[in-house]
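Please look through the structure shown here with attention to why each of its features carries the name it does. The questions that follow set computed values against their definitions.

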Amino acid sequence: MSDSQTLTDVSIDSLLRVFTVPENAEATLNQVDRELSLDIAAFLNARVVATEKDLAEIEAEFASAVIPEEPVRVTHHVDNLMEKLVAHSVNTYAPGFIGHMTSALPYFMLPLSKIMVALNQNVVKTETSKAFTPMERQVLGMMHRLVFARSKAFYRHWLHHTDGQLGAMCSGGTVANITALWVARNRCYGPKPGFAGIAKAGWSQALAAYGDCGAVVLVSERGHYSLSKAADVLGIGRDNIRSVPCTDSGSIDIQQLSDIIASCHGRGERVISLVAVAGSTETGCIDALDEMAVIAEREGIWLHVDAAWGGPALFSDKHRSLLKGIERADSVTIDAHKQMYVPMGVGMVLFRDPESQSSIRHHANYIIRQGSKDLGSSTLEGSRPAMSMLVHAGLHIFGRRGYGLLVENNIQRCKHFSTLIDMAADFELVSAPVLNILTYRYVPAPLQRWLECPENAASELSARVELLLNQATQILQRAQRERGQYFVSRTSLPHARQRGLLKTVFRVVLANPLTTDEILTAILQEQRELAAGSAVKVLWQEIEQLTGLALI
């Protein structure tokens with residue numbers, strides 16, 4: 001393509017046209033827009049290549065750090081994006097993509113997103129968002145009611161109240177968790193005679209004023225890594241996110257939690273917050289929320305529930321009981337871009353007490369003034385898009401019952417997959433689904449029996465075999481990903497029989513409504529075929545030499 005076809009005039013008139021008048025109807029961008037509007041899944045299937053390209057080759061396409069001197073035509077740039085970016089992105093709509101917490105989206109999210117972008121509202125302040133501020137407050141109220149189920153009078157009073165907020169919209173679970181612990185920290189070390197509060201005076205004065213040797217946050221060993229980020233940002237320190245062991249079921253050990261709290265008190269450490277997990281990212285496990293609430297209330301500790309993944313189970317009458325006790329939490333994180341099928345990235349943190357966020361409220365004379373209803377007064381983020389509009393759409397277009405059915409479908413499909421794994425002699429279910437995440441691995445039937453024998457269960461020889469199995473799982477997961485039709489992720493979990501050893505497993509997240517039972521069967525069959533191939537042959541042979549078994 002010649003320069004005259006790719007370059008555009010550098011004049012104010014030509015630049016103004018980019019703000020107002022699109023190129024002709026046959027331009028690439030308009031064609032892409034039509035394809036997306038007609039069928040998003042078909043567009044992705046056609047435009048995203050199935051075979052994997054080496055990351056180093058892709059990096060080479062984006063290796064220049066020079067800003068182009070001259071502007072190019074929109075069509076030229078879009079053509080480049082389609083070839084170099086879109087073609088080698090990840091098709092998260094694909095029903096065989098079941099390895100991560102990203103899924104297909106309902107078709108209406110795309111045109112609504114275009115409206116949101118066109119309006120370009122900034123919900124930091126009512127002067128830049130107008131109707132979007134009360135709409136966002138309504139969304140937070142609807143989600144608050146789903147979690148905490150307060151009276152109608154409560155929501156009439158607080159929904160649009162100047163001095164209170166029911167929560168905050170965030171870019172995702174990380175910022176939501178930071179916000180929750182920010183509030184917990186400031187309330188734990190609030191102002192008192194002779195002390196202005198930690199928000200003004202900082203950590204050293206806070207510890208001195210309250211007579212503490214330190215401050216900690218307690219969470220199960222399945223806690224999300226965002227909590228370490230929160231500890232870093234808030235000055236708590238990553239070492240002071242104390243990990244509490246889990247039971248064999250994967251939920252926090254309540255007795256050990258009580259013992260650790262007593263130990264903290266004995267050392268003069270203040271527990272800022274207990275963090276309960278409601279849907280861990282690795283296995284989908286849920287902590288005993290009711291029992292943790294009892295402890296938090298007894299000890300006067302802030303209880304935060306990280307329900308970024310599992311929170312939408314509350315929509316289901318059938319599965320809501322899995323989160324029994326969540327209504328007793330002080331704060332709750334839920335991600336709408338996970339099981340509420342909203343685009344990246346939108347999460348939220350909800351507070352049982354609408355006045356909780358007063359401990360982090362900030363004001364500025366030019367934008368967020370005292371007495372205003374500006375949402376930015378008590379959010380970590382300042383300028384941000386009105387993603388709550390898309391949550392609002394989902395809540396109305398799906399409704400509570402619609403979301404409930406989607407959740408139930410996901411959990412049912414995950415249980416079906418666990419049954420397929422249980423029935424297959426050459427696969428081992430590692431963590432059964434509580435919600436819609438499970439883990440498993442490929443282990444030939446004779447080897448499963450050998451590993452389960454009491455004399456082999458915790459032996460040094462067994463540990464060597466387990467390490468080889470870990471390598472096999474890694475190779476199989478990578479090989480299946482490179483084939484490009486199906487994708488499961490992998491993770492490492494504590495080994496039940498070999499203390500101190502991690503077990504590498506396949507991890508499956510069943511949230512895409514387009515995934516079918518036939519696809520799940522095909523995924524296992526492809527893994528079985530890969531296990532019989534040359535990529536892992538050497539590992540099987542080594543295991544055979546160690547155990548005397550005939551495997552593949």
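Q: What makes helix α20 and helix α21 a packed pair, and at what angle do they pack?
A: Helix α20 (residues 460–483) and helix α21 (residues 517–531) pack at an angle of about 115°, with their axes 10 Å apart. Axes are lines fitted to C-alpha atoms, for helices over the stretch in contact, and angles run from 0 to 180 degrees between N-to-C directions. The helices themselves are DSSP runs of H or I with at least four residues, while strands are runs of E with at least two, numbered from the N terminus. On the α20 side the contact is made by L476, A479, Q480 and R483, and on the α21 side by I523, E526, Q527, E529, L530 and A531, where contact means heavy atoms within 4.5 Å.

Q: On what basis should these values be read?
A: This is a predicted model, in which local features need pLDDT of at least 70 and side-chain atom pairs count only at pLDDT 80 or more, whereas totals for chains, interfaces and linings use all residues. Residues are numbered from 1 along each chain as its sequence is written, and side-chain values use heavy atoms, with hydrogens and water left out.

Q: Why is the contact between E428 and R441 called a salt bridge?
A: The term requires a side-chain nitrogen of Lys or Arg within 4 Å of a carboxyl oxygen of Asp or Glu, and the closest N and O atoms of E428 and R441 are 2.6 Å apart, so the pair qualifies. E428 lies in strand β8 and R441 in strand β9, so the salt bridge ties together parts that are 13 residues apart in sequence.

Q: Are E428 and R441 buried or exposed, and how do you know?
A: Buried means under 20% relative accessible area, exposed over 50%, and partly exposed in between, with a 1.4 Å probe and protein chains only. E428 has 12% relative accessibility and therefore counts as buried, and R441, at 0%, counts as buried too.

Q: How do you know which strands lie at the edges of the sheet that holds β8 and β9?
A: This open sheet of four strands has the order β8-β9-β11-β10, with antiparallel pairing, and two strands pair if DSSP finds at least two bridges between them. The edge strands are β8 (427–431) and β10 (489–494), because each pairs on one side only. Six bridges join β10 to β11 (residues 502–509), and S492 has T504 as its bridge partner in β11. Helix α17 (residues 399–423) packs on the sheet, touching β8, β9 (437–442) and β11, and its direction makes about 20° with that of β9.

Q: What are the accessibilities of E297 and R328, and what joins the two?
A: E297 forms a salt bridge with R328, the closest N and O atoms being 2.9 Å apart. The pair links distant parts of the chain, 31 residues apart, with E297 in helix α15 (residues 289–299) and R328 in the loop between β5 (302–306) and β6 (331–335). E297, with a relative accessible area of 48%, is partly exposed, and R328, at 25%, also counts as partly exposed. Both residues belong to a network of salt bridges that links D290, E297, K324 and R328.

Q: What makes β5 a mostly covered strand?
A: Five of its five residues are buried. W302, H304 and D306 point one way from β5 and L303 and V305 the other way. β5 pairs with strand β4 (residues 269–277) in the parallel sense over five bridges, and D306 is the bridge partner of V277.

Q: Which residues touch the most other members of the largest nonpolar core?
A: A nonpolar core is a set of buried Ala, Val, Leu, Ile, Met, Phe, Trp, Tyr and Cys residues joined through side-chain atoms within 4.5 Å. Of the 72 residues in the largest core, L274 and V391 touch the most other members, and helix α8 (residues 132–148) gives the most to this core, with eight residues. Not counting residues up to four places away in sequence, V391 touches V139, M169, A336, M340, V342, V346 and M348.

Q: Why is K130 called exposed?
A: K130 has a relative accessible area of 67%, and is therefore exposed. Its place is in the loop between α7 (109–119) and α8, and K130 has a positive phi of about 45° although it is not a glycine.
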